[in-house]
Amino acid sequence: MTSLCYGQDVYSAYGVGELTFAPNAAVMGIGSSGLMPSFQENISLSNPSTWLGIPFAYLSVNYGGTQIKDRDYDYNNVFSGLNQFQFILPIKGVYAVGIGFQPFSSQLYSLGSDDIYEKFIEGDTLIINKAINGSGGISELIFSLGAKLTEKEQLGLKLEYLFGSNRRQTVFNIEEGEHDLDYIYNQRNIYNGTLINGYFSSHRLGFGSRKLRLSGSVKTVLHSVRINHFSFQPFEDSNGNGFYDVADYPRPSGVDSIPPAAIDTILSNQISPFEYAFGFDLELTEMIHAQGEFSSWSDLTDRETNLTSGLNQRVVAYQHFNMGIIRFARTLPRIWHESFHFRAGIFQRAYELDNQLSSNGQAEDYKINDLGISIGFGIKFGVTKNQIDFGLNLINRSDSYNSDKLVTNFNIGISIGDLWFVKRRVKK
Amino acid sequence: MFIILSCMEDTVTVDLMDDGMYHDTLYVREITGFTYQTPPQLGNSTLLYFGTDSNGFQNPFALFRVSNTSITTPVETLDSFVDTTIEIDSAKFILTFNEDSITTDMIFDLFYFPDDGDSIFSESKSNYLNLTENDLFHGVFVGSSTLSQQEPDSLITTSFPTLSFDIAHIFDAFSDTSNENINRTVMVKPQSNLTEVIAFKSSESGFTFAPQVKVFSHETTFVDSTGDSIVVDTISHTFISADDLSIIIPPDIIYENPNNIYLGSGMAYKAVLQIPNLDSISLPQQATITKADLSFYYTNDTSQSNFYLQIQPIIDSISTAELQGLLLDDPLITEPSLIAVNLSSNGKISLNIREYLQLHHFGYIQNQGLKMEVANTVSPFNTYSFFIGNLDSLAPKLIIHYVAP
């Protein structure tokens, strides 16, 4: 069945939707997953074990967007949104705490079939068509803590509380003779769960005077992600307005005619992410660093239970690898361009998708491959090292069906620094 | 994602075949049924009948109860004509013939009941067993009339023939507010036996042709100190019959082929249909029924089978034994809001009973069976029969179409 999609990429309709990889502009500029320092020298906004060297408290807000251009099927979709909000507070260079808010995944799709399915019943011909629309997503409320282990080793801990919901509407069109009616089925998922993420960073090693920073992280489920799934009674949209009202069938009002309440099913252990990552940051010169990261994400759920909101497929694993180079701004710039951070990198991300309901009843996997380049820059300004960052990804996405898809991500961030826990002199 | 701003433009390809919702059908057979009989009751018929049918149906008289409130503006009540400033110019009781030309010159008599209360008949309950001509012997003769027809007017609109009785001389009996036992009931019957059946339109056929009292009056008013009055324009007022009923007496015929069910309003044959498998069919929990065709095959000549049939769910349990013989009242209580009506065509009739099945599926209504009868627009002198026994392709069947997640 050939179908049409409006909104994000079709992957948006799979499982819990598009996963968020680079929530801030600095991470996007290097093409990493945020483990290694890219915001400032030795500082990553996404890795709390790097926050101990932050001289100021930071409030950081990031806005991002995506364009997906498919030359094979000649489509071009664009969407954007506020990506990350984060507050980081270093405490005397020994501890750091943070609280943040960012998307874990998002969905926005409208899939309509341009193919039809015919049924012949008792001399009648039914022409059946289908469309699926959905939107929503899962957000993360993040509590972070960084602490010094030794002079050269730091630890970090992140608790990520996942919450959110999505809605899905299946429109089933049946045409019989002159009658052409939509039957609409609504579903809603409410998500909640908690992930825990541990970080470790060390700069004990080096090559002569060149410092080498190594980091690693492990993420797993602290409180399994639960889906509260609501399945509403399908209705005939008799007046064709797309909404369930008194003109529709079964009537939503009246004694003994109201459809039963939505079936509420609690699906536990539906998403069970496990991720490990490691990376390095090698100081090449005083300002120029080379970085590399590898991360592997997988969903350890049993895969026997279908996610009830997606299409047949869901992302069950991906591996991310990136290499990049950053020229950080000088601590005390002497000329104007020394206030700039320049970032560039290449990355590769391979997704494994599980087709849950293939026609032969067997799960079939297929893979998606992203190959991308990234560039970005940041401008440091002000006494408290405020910063504006911009990051851009250009990704070639290919899979079993499509090899000419260009995904462009951009992100703009602003971070405002302030000095906390310092006695200020009273102005006379 | 806190905020999603989106620009939706173009298309991609994906497989939707296995996803979301599906459509399926269920075939339900082994539908059983039986006929039961009550006294014929034509209170909801759109026509009023007089005369004797070739099959032996007799229609001796009809009764009418005139409404106290006019349907014309200004709205008046019959009581208001007691006012001494209103003079009645004429008052007629008019029946409209169902054909557009006169085929009989029979004379009809009109009677009224000045000495009785207003409960001589019940439109929904009176029948040939509980209301006979003997019960109405005290009716007072008002006058006679024959059918007449106006010439088509200049706009070439054809008017139906009417039967018009002059009631001006008894009109006070309808408007007298001093009479606590006021009775606005009249009876019409042929002066002699009719060897054929003729029909007039009843109040169920709509306001325009409903049996009605038409009053022409004018009002006198005092305009100066000399006490002279002037006459204003004549005004007509129409009071339709709120209730009307022609009594029908069925012939002594018994239809009793157990493989058939019989229907007819003149014989008062109705049927109970039972779908025992309904409680065990495996509809998915959230199925929404898109169509449910219950179909039957007519046993006789299909060319005569175009008639309306209606079906309603029975909401009380009742045993078959309670429906044996000629019943004085119909004991079945039905759910009127779930009525399904359709026209028989080419020897087959299909009724969409999806609302009943849907509510049964939701658990709001029990499977007590369906009451089947011909609609009130069908001639009461025909008796229809359907195959109900297990005759393979001609047996009744139910096809349920549904969509489900």
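Of the 405 residues in chain B, 39% are buried in this predicted model. The secondary structure of the chain amounts to two helices and 24 strands. Among contacts in chain B with a separation of 6 or more, 84% are between residues 24 or more positions apart.

Chain B is divided into two domains. Domain 1 consists of two segments, 22-40 and 258-404, while domain 2 covers 47-246. The centres of domain 1 of chain B and domain 2 of chain B, taken over C-alpha atoms, are separated by 39 Å. Seven residues of domain 1 of chain B and eight residues of domain 2 of chain B take part in the contact. On the side of domain 1 of chain B that touches domain 2 of chain B, five residues are nonpolar and two are polar, with no charged residues.

In soluble globular proteins, nonpolar side chains tend to be buried together. The largest nonpolar core of the model holds 54 residues, of which B:Leu263 and B:Ile353 touch the most other members. Strand 18 (residues 288-297) of chain B supplies the largest share of this core, with five residues. When neighbours within four places in sequence are left aside, the contacts of B:Leu263 are B:Tyr269, B:Lys270, B:Ala271, B:Leu309, B:Met372, B:Glu373, B:Val374 and B:Tyr384. A second core, separate from the largest, has 45 residues, including B:Phe81, B:Phe113, B:Val188 and B:Val213.

Strand 18 of chain B also belongs to an open sheet of four strands, arranged in the order 2-24-18-21 with antiparallel pairing. Strand 2 (22-28) and strand 21 (348-352) of chain B form the edges, each pairing on one side only. On average, and with direction ignored, neighbouring strands of the sheet are turned by 20 degrees against each other. Strand 18 and strand 21 of chain B run antiparallel and are joined by five bridges. B:Asp293 lies opposite B:Asn352, a residue of strand 21 of chain B.

Helix 2 (residues 354-362) of chain B packs on this sheet. The helix touches strand 18, strand 21 and strand 24 (397-404) of chain B, and the direction of helix 2 makes about 125 degrees with that of strand 18 of chain B. Strand 18 of chain B is thus a contributor to the largest core, a member of the four-stranded sheet and a contact of helix 2.

Definitions and conventions
Residues numbered from 1 in each chain as written. Chains lettered and ligands numbered in written order. Predicted model: local features only at pLDDT ≥ 70, side-chain atom pairs only at ≥ 80, totals over all residues. Domains from an automatic or database assignment. Contact = placed C-beta atoms within 7 Å. Nonpolar A, V, L, I, M, F, W, Y, C, P; charged D, E, K, R; others polar. Core = buried A, V, L, I, M, F, W, Y, C linked by C-beta atoms within 7 Å. Buried ≥ 20, exposed ≤ 12 C-beta atoms within 10 Å, placed from the backbone. Pairing = 2+ DSSP bridges. Axes fitted to C-alpha atoms, helices over the stretch in contact; angles between N-to-C directions.
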